[in-house]
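The exercises below concern the contact between two protein chains. Please work through each task before reading its solution.

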There are 6 protein chains.
Amino acid sequence: MTESRTPRSIVAVTAHSGDFVWRAGGALALSAARGDAVRVICLSFGERGESQGLWSRPGMDMETVKRVRREEAEAAAAALGVRVDFYDLGDYPLTVADGDRDRIVAALREARPDVLLTHVANDPYNLDHDTAHATALRTRMIAQAMGHDPAGTPIGATQVLMFEPHQPEVCGFTPNLLLDVTPVFDRKRKAMEVMSAQGHLIEYYTELGRRRGVQARRNGAPAGVVQAEAFQRVFPVVGDELI
Amino acid sequence: MTESRTPRSIVAVTAHSGDFVWRAGGALALSAARGDAVRVICLSFGERGESQGLWSRPGMDMETVKRVRREEAEAAAAALGVRVDFYDLGDYPLTVADGDRDRIVAALREARPDVLLTHVANDPYNLDHDTAHATALRTRMIAQAMGHDPAGTPIGATQVLMFEPHQPEVCGFTPNLLLDVTPVFDRKRKAMEVMSAQGHLIEYYTELGRRRGVQARRNGAPAGVVQAEAFQRVFPVVGDELI
Amino acid sequence: MTESRTPRSIVAVTAHSGDFVWRAGGALALSAARGDAVRVICLSFGERGESQGLWSRPGMDMETVKRVRREEAEAAAAALGVRVDFYDLGDYPLTVADGDRDRIVAALREARPDVLLTHVANDPYNLDHDTAHATALRTRMIAQAMGHDPAGTPIGATQVLMFEPHQPEVCGFTPNLLLDVTPVFDRKRKAMEVMSAQGHLIEYYTELGRRRGVQARRNGAPAGVVQAEAFQRVFPVVGDELI
Amino acid sequence: MTESRTPRSIVAVTAHSGDFVWRAGGALALSAARGDAVRVICLSFGERGESQGLWSRPGMDMETVKRVRREEAEAAAAALGVRVDFYDLGDYPLTVADGDRDRIVAALREARPDVLLTHVANDPYNLDHDTAHATALRTRMIAQAMGHDPAGTPIGATQVLMFEPHQPEVCGFTPNLLLDVTPVFDRKRKAMEVMSAQGHLIEYYTELGRRRGVQARRNGAPAGVVQAEAFQRVFPVVGDELI
Amino acid sequence: MTESRTPRSIVAVTAHSGDFVWRAGGALALSAARGDAVRVICLSFGERGESQGLWSRPGMDMETVKRVRREEAEAAAAALGVRVDFYDLGDYPLTVADGDRDRIVAALREARPDVLLTHVANDPYNLDHDTAHATALRTRMIAQAMGHDPAGTPIGATQVLMFEPHQPEVCGFTPNLLLDVTPVFDRKRKAMEVMSAQGHLIEYYTELGRRRGVQARRNGAPAGVVQAEAFQRVFPVVGDELI
Amino acid sequence: MTESRTPRSIVAVTAHSGDFVWRAGGALALSAARGDAVRVICLSFGERGESQGLWSRPGMDMETVKRVRREEAEAAAAALGVRVDFYDLGDYPLTVADGDRDRIVAALREARPDVLLTHVANDPYNLDHDTAHATALRTRMIAQAMGHDPAGTPIGATQVLMFEPHQPEVCGFTPNLLLDVTPVFDRKRKAMEVMSAQGHLIEYYTELGRRRGVQARRNGAPAGVVQAEAFQRVFPVVGDELI
């Protein structure tokens, strides 16, 4: 973690406020620990569809759910060392209006990401994920357009990485990057622990990370790789080494 | 090219003696230029199916075709800075008997490759390519087995990269690595030039490399990337950086 | 048909008023005959795009087309023993506005389906089918959300079955359930017969059912299986028996 | 080019004003040269996303970009011998409102195309292409509906051909038609030359056409086939000859 | 059928002696009726796996089964107007030894086919079909090799068409050619009728042809197209017309 | 487990002696507990490629490895309540000669399985798995042939279920059956515990089963489902209920 390295910019475009923690918390913490600027664009709080724990409390209302979800996500982001921006666009279904889209484009132009993270393209369990994926690709495209807000500066050809959905095979997810997150797993664990609304998931994702770690070792990772996260790249990698 | 770097081992398993030049010559030269040990396992000379130029000369016979093909491949390998071993297993069709397979396993154990290069899995134009692909995967598997020749040392979980077939879309080839071979393209050009039997292909592959170079730039490569080669990995990459 | 059995709830979300008859009439009649509550959500009458017979009559107008299509679909539903609800959202193209979507969500919450039936995801011949498919998945997702209309009760993880499109291979349809509808085929035949607007299709679908029946027998069905319908499940089946 | 032949109608539905030149200019010129009515429905000028050359000139503004792009496209269309209609719906993102859609439907009913050309269904680099593809399929479907504008005459089951995207494998493009455009390549070249905004692409597309030409010869085309364009059909071909 | 036309050469490589009748009888008869040379390479009699009717007769033995199967296939071939050659390589499983393969290569060189017909690549119900497919591709490749039997003349880049398997979707079969066989269907019917061993299939394949005919009309075929057969091409078509 | 039920026959065709335990131990124990006849056809001991623990002991030799592997597998089979037959065909690579194949065919005819279990079709990590898969499909086909050993009785259209490979997404595995093995997980655990050669895998597969259990509940399984195994069916299911 001490290597000299040009800081990079990482942006995650996610549907619900828990997604960045469970699905890519290790990756985000890893970049943050290396000095990268890491920003999460959180399109909704998951207030309707992913807050069962809160809604089962008596007398719950929408504003409270959103507030708690926001607080938890902020605490998780702090644990990971990343910034999170809430767009509050609603969930189940998530909808991205033209103005929202332009805000995201502006955020991309400001962040100038080296890497974008988002959901898979087709998740039959949860079409909000598809909406977030399409939003990431579409805003990336607009941010690249020289004639969009010509006073600004277009971004380049940012790679897009899809993180792992809950039932990967059903979503057509085929990982081509197993990322070692062992050095920062304590931060991911801590971030998961503050997500009380979905507390039962901590063991589940710890075990999943361990499984991806075993697979990483089976694909040649050194023995010290214990926790890994899986990603699928949308675009070919450009390289100068045969790896 | 001057960075300090642990030398690596690269092995290509190819069906016919020209394949390593046209399809992966840049990649092989790049590794060689960096000090890697690069070895080509050439399963046949392509003497029956890929030597039209030679066969159209009057009085040609099989031994002469093989000899010329071997000499050309050796000259091309020299131009690229790599070693080539000829297995002379016949082509159209290529067949790999048990003993041949065990020779390749022994070669893999000796070379201990960090990366294996080979053909795609399904090329309806040329089933010898499928045979070479299956041979690469099968010998890799055997070389990993502790109980195969227990006196030897098993190899690890070597990544396998498929190089580009002639009609990629028909063969289900989806590149996920665009490799910058600009710094060594002069060597690939020189290697192609000694392959007189298929001399008409030089312009074709120079243009193809330029096209892959444009695509690399469209995917974020710097402007200096002019020549690229495309590869598809069989296994997920293990990484410690979000790229 | 006489086994003791907890009644189930079946909902079909279909684009045009004929779809439930031709594509799933046997399945719906089978469930109805066993005492299940079967409800068809018919998003349009197919008044513009699937009523050629009516439009070729002189002096035809839209209201008459819709009325005839409704009457026929009601008669077909009666023949099958199922309930049909017309949403009248227009066809060619079908569009589902937010309010319509919420009506369907409410209907799902009321029906609490054990199984949802709908079209394939991608039918290049007819994008209304894609719209119906996406509507089924999206409304299912919303109906599952605890925070959507919190006074109501969310539905569970309902299986979704896609019925057979007209040109299955072009639509990427791969059946994984061949349903024996022999015991109720007379009802399907009767339902098809009242669909005068597309009367030429009766023989076609009778033959198709026979073909799926032969395939069912080739996959192990007993000799008495004569008429079958093909379905593709979206989600894995949960089972307690190795079948 | 002198055979007696019933003139046909060809319509291309394209996202940006340059697409018809680079991706299908040969095909369009070939039909035009044979006396077919060839019409390009150009949904936007590519004014924001595909006019880098213009925007890098000082003092550029949107109206000028559009004007120049229109003039260039008109000149290119003239060089190819085809008609181009500009819909000016905006790009990056392209959006097709209901009224625009109906204009296209009317144009299809007027043109009564034997063949529709458009983009691939899924291009992660450029979602405007997906929008154009979906627009082509959707307007084709509506134009077929007898109840849409019943005073008009529905079109038949027009074949849809997708032209080649920039990075075909990443877009799931698998060509099943390699079209010989050698006889009209001079017209395509001329059309490309008037597209000054993207002038650097001329060599690129000339080389690409040559590569597709080599592949055509490898698939049995006669030696005179030098320039080819690649297409993928959406629907099965109906034929009366085993080809 | 009276057009002036250069006669072509058609070769079908099939696993069992009934396959050419049920799956491609119309296509073969159509070519034959136009004066093409049509030859069926029948790798086995289907004597073990596709002769249930014969085996259920008391006292049946292998030689009798083969003889009856041969006689039926010869009668069917006569009805279609095509030539059939029996290779008698055994079935369930079919195995193609090196010498058999070379006989087929010699036959291809003699026939010089414009089109090859064969089974799909992957049929989980019947691996003999896969073997026939691989044999067709492999012998085609060898027959193209200039250095194989250099005294002979290599064949060109023959197109390969896969005919329809029994359960197309399960075999990954996606038809891209719907061939009108209406003009010769009486010959196919007659050929099917002489195949007494599998007589129950006549109605089945008549209905299947009618269904493919309806699909052909839905894809633009004229109303007179009643019987069609479905094929999937392995290689791209080379064309000079936008169809 | 006390329901009255016709006993069934289950056969697993596996490459190495540990596979039936790790990948399908729950499914096999579940059937056995219900009174089904469950038989494992174990093609090799995994003596070369899957016995690292044994080979790392000093002085180890092949016979000892095989003996220990056999004893462990027998103990595991006993724990599961199933029968295991060892074919000792060698591993890394596994090869199935004609005589071996016929032995398996005879075993299938004797067992008359209702369900066959085996590996996936394409596992690039381990081609022995592909060989076992192809062997299962091929022997099933031969066992169905009336003319194979006509004195015997052919089997019917047995369903084939593929069990989960180590890296499912890389092997194209898409589960469509999540089987509840909670009631017998103690037996699977016990069976895993006797497999000392690969003892480190027990926690891994316990966690994997828990993950599949969570997914089962997300797909509608009742809360009591804790341990599940994932399977993918090769053929469509024939059913008489809409599930």
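Three exercises on the interface follow, each with a worked solution.

This is a predicted model, in which local features need pLDDT of at least 70, side-chain atom pairs count only at pLDDT 80 or more, and totals for chains, interfaces and linings use all residues. Residues are numbered from 1 along each chain as its sequence is written, chains are lettered from A and ligands numbered from 1 in the order in which they are written, and side-chain values use heavy atoms, with hydrogens and water left out.

**Exercise 1. Determine how many residues of each chain are in contact and what area is buried.**

Step 1. Contact (heavy atoms within 4.5 Å) joins 34 residues of chain A to 34 residues of chain B.

Step 2. The two chains bury about 2,900 Å² between them, 55% of it on carbon and sulfur atoms; buried area is the accessible area (1.4 Å probe) lost on putting two parts together, summed over both.

**Exercise 2. State how many salt bridges cross the interface, and locate the partner of E241(A).**

Step 1. A salt bridge requires a side-chain nitrogen of Lys or Arg within 4 Å of a carboxyl oxygen of Asp or Glu. By this rule, six are found between chain A and chain B.

Step 2. In one salt bridge, the side chain of E241(A) meets that of R5(B) at 2.9 Å, N to O.

**Exercise 3. Identify which strand of chain B pairs with strand 6 of chain A, and in which sense.**

Step 1. Strands are DSSP runs (E, at least two residues), numbered from the N terminus, and two of them pair if DSSP finds at least two bridges between them.

Step 2. Strand 6 of chain A pairs with strand 8 (residues 237–239) of chain B in the parallel sense, over three bridges.

Step 3. Opposite L177(A) stands V237(B), in strand 8 of chain B.

Methods
Helix = DSSP H or I, 4+ residues; strand = E, 2+ residues; numbered from the N terminus.
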